Amino acid sequence: MSRLLESCNFGRLRLNNRIVMAPMTRSRALDDGTPSEMMLEYYRQRASAGLIIAEGTYPSENGKGYCRTPGIVNQDQIDAWKRITDAVHDQGGTIVLQVMHVGRCSHADNKSKTAETVAPSAIAADGAVYTEAGMKPFSMPRELDVAEIKNIVHEYAQATANAYEAGFDGVELHGASGYLPAQFLSPGSNHRTDAYGGSLENRVRFFLEALEAMAAVDGAERVGLRICPGFPFNDVKDPDPEESTRGLLQGISHLPLAYLHLMRASTIDVIGLSKQYFKGPLILNGGYTQARAEKAIDKQEGDAIAFGNAFIANPDLVDRFRNDYPLAPTDESRLYTNTREGYCDYPAYVA
Ligand SMILES: Cc1cc2nc3c(=O)[nH]c(=O)nc-3n(C[C@H](O)[C@H](O)[C@H](O)COP(=O)(O)O)c2cc1C
């Protein structure tokens with residue numbers, strides 16, 4: 001049997017196999033951030049994954065960046081997520097929630113009227129974001145003061161507590177792709193001169209405090225971290241991403257996290273670097289095929305492989321791998337449309 005199909009334990013998470021569904025924003029929540037019926041169907045269909053990492057979800061209204069993304073802030077959202085986690089658990093699956101605060105990577109049109117775009121420094125990200133009125137440049141963020149930073153750390157903890165109330169088995173801190181933790185870590189977006197900017201130790205501080213706050217809710221063994229060292233997505237500017245990652249990994253080494261989730265999207269040897277400092281389970285992601293995934297597990301490069309794109313059109317991906325069934329192609333035109341089509345209407349393979 002392929003080692004990809006073996007069960008394993010990551011911290012307090014039980015995985016039926018080593019095939020993880022990567023977190024994917026699909027913009028199918030209601031306008032107020034409540035998870036929809038479509039989402040319930042979509043996650044239920046994919047429950048045979050060893051672990052589902054549910055899409056980037058905002059911990060506060062300021063943390064929202066995109067159209068129709070879900071929140072984990074109020075009771076309606078918690079209750080709707082609970083129905084989803086129940087459905088996944090009924091199928092024997094395991095599901096964690098990715099907590100994602102976008103910081104400066106947003107446009108005011110995509111947030112509630114009272115929400116603000118905030119960041120370590122008042123430096124707009126270079127680029128544009130989809131809004132219902134078309135692509136618009138990222139909004140200029142307002143610089144956070146220290147009391148507000150502490151409050152966001154608290155929001156990560158509250159989001160974690162809310163996620164557990166909603167039945168999630170764990171949570172994942174989104175520390176990749178140029179969102180808020182990465183904005184603090186990267187010198188290009190962090191020009192602060194206080195305890196949260198300047199030296200590497202200071203740039204790591206927010207990341208560390210957020211992760212510690214999440215771990216304090218019910219133990220680090222239910223908390224995962226996703227990073228993507230050296231990936232310039234969303235205007236991340238860091239002259240030495242390897243050194244920043246080293247500082248981060250050293251800073252968090254005391255936390256027995258459930259897993260470290262590595263997106264491989266640069267020339268940095270992220271696996272080698274991570275293994276120097278992180279001794280827990282590694283989830284690898286980024287362009288893996290079944291063959292490459294099996295090789296990576298056999299060579300003990302990682303403990304599980306996360307698949308993004310492959311899960312979109314193949315809800316039964318685990319079965320397809322098990323039986324060597326062909327994979328269906330993704331309809332790229334419907335990635336973010338507010339429709340069932342191209343979302344929860346991809347069928348399982350019929351042999
Ligand atoms: C439609 C779509 C939405 C995504 N949304 C997220 C997200 O919310 N959070 C995140 O960390 N990564 C997100 N990603 C990145 C994926 O998790 C994954 O890293 C990427 O697809 C590469 O893996 P793959 O080569 O197996 O597809 C998204 C990717 C896609 C295709």
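For the residue classes used on this tour, Ala, Val, Leu, Ile, Met, Phe, Trp, Tyr, Cys and Pro count as nonpolar, Asp, Glu, Lys and Arg as charged, and the others, Gly among them, as polar. Keep in mind as you click around that this is a predicted model.

**Stop 1: the second largest pocket**

Start by selecting C228, P229, G230, F231 and V236. Of the 19 residues that line the second largest pocket, these lie nearest its centre. The pocket holds about 260 Å³ of space. Now colour the helices α4 (180–185) and α6 (241–252), the elements that give two or more residues to this lining. Helix α6 makes the largest share, with 4 residues. If you colour the lining by class, you should find 11 nonpolar, 7 polar and 1 charged residues.

**Stop 2: the largest pocket**

Next, move over to the largest pocket, which has a volume of about 1000 Å³. To find its middle, select P23, M24, T25, F233 and Y336, the closest to the centre among the 42 residues that line the pocket. Then show β7 (128–131), β14 (304–307) and α9 (309–313) as cartoons; each of these elements supplies at least two residues of the lining. Coloured by class, the lining of the largest pocket has 24 nonpolar, 14 polar and 4 charged residues.

**Stop 3: the ligand**

What takes up the space of the largest pocket? Turn on the ligand and you will see that the ligand occupies it. There are 16 residues around the ligand, and those that come nearest are P23, T25, R226, N285 and G287. Two of these names may look familiar: P23 and T25 were also on the list for the centre of the largest pocket. The shell around the ligand has 6 nonpolar, 9 polar and 1 charged residues.

**Stop 4: contacts to the ligand's oxygens**

Show sticks for R226, H174 and G308, and draw some distances.

- R226: an N or O atom of this side chain lies 2.7 Å from an oxygen atom of the ligand.
- H174: here too the side chain offers an N or O atom, at 3.0 Å from a ligand oxygen.
- G308: look at the backbone this time, where a polar atom is 2.8 Å from an oxygen atom of the ligand.

To finish, switch on the protein surface. How much of the ligand does the protein bury? Taken alone, the ligand exposes 610 Å², and the protein buries 81% of that area.

Notes: Residues are numbered from 1 along each chain as its sequence is written. This is a predicted model: local features need pLDDT of at least 70, side-chain atom pairs count only at pLDDT 80 or more; totals for chains, interfaces and linings use all residues. Side-chain values use heavy atoms; hydrogens and water are left out. A residue is near a molecule or strand if one of its heavy atoms lies within 4 Å of it. A polar contact is a pair of N or O atoms within 3.5 Å; within protein, one must be able to donate a hydrogen and the other to accept it, and residues adjacent in sequence count only if both atoms are side-chain atoms. Accessible areas come from the Shrake-Rupley method with a 1.4 Å probe; for residues, only the protein chains shown count as cover. On a 1 Å grid over the protein atoms alone, a cavity is a set of points where a 1.4 Å probe fits but cannot get out, and a pocket is an open set with protein on both sides within 12 Å along at least five of seven lines; lining residues have an atom within 4 Å of a point. A molecule sits in a cavity or pocket if more than half of its atoms lie within 2 Å of its grid points. Grid points are joined across faces, edges and corners, and a volume is the space filled by probe spheres set on the points.
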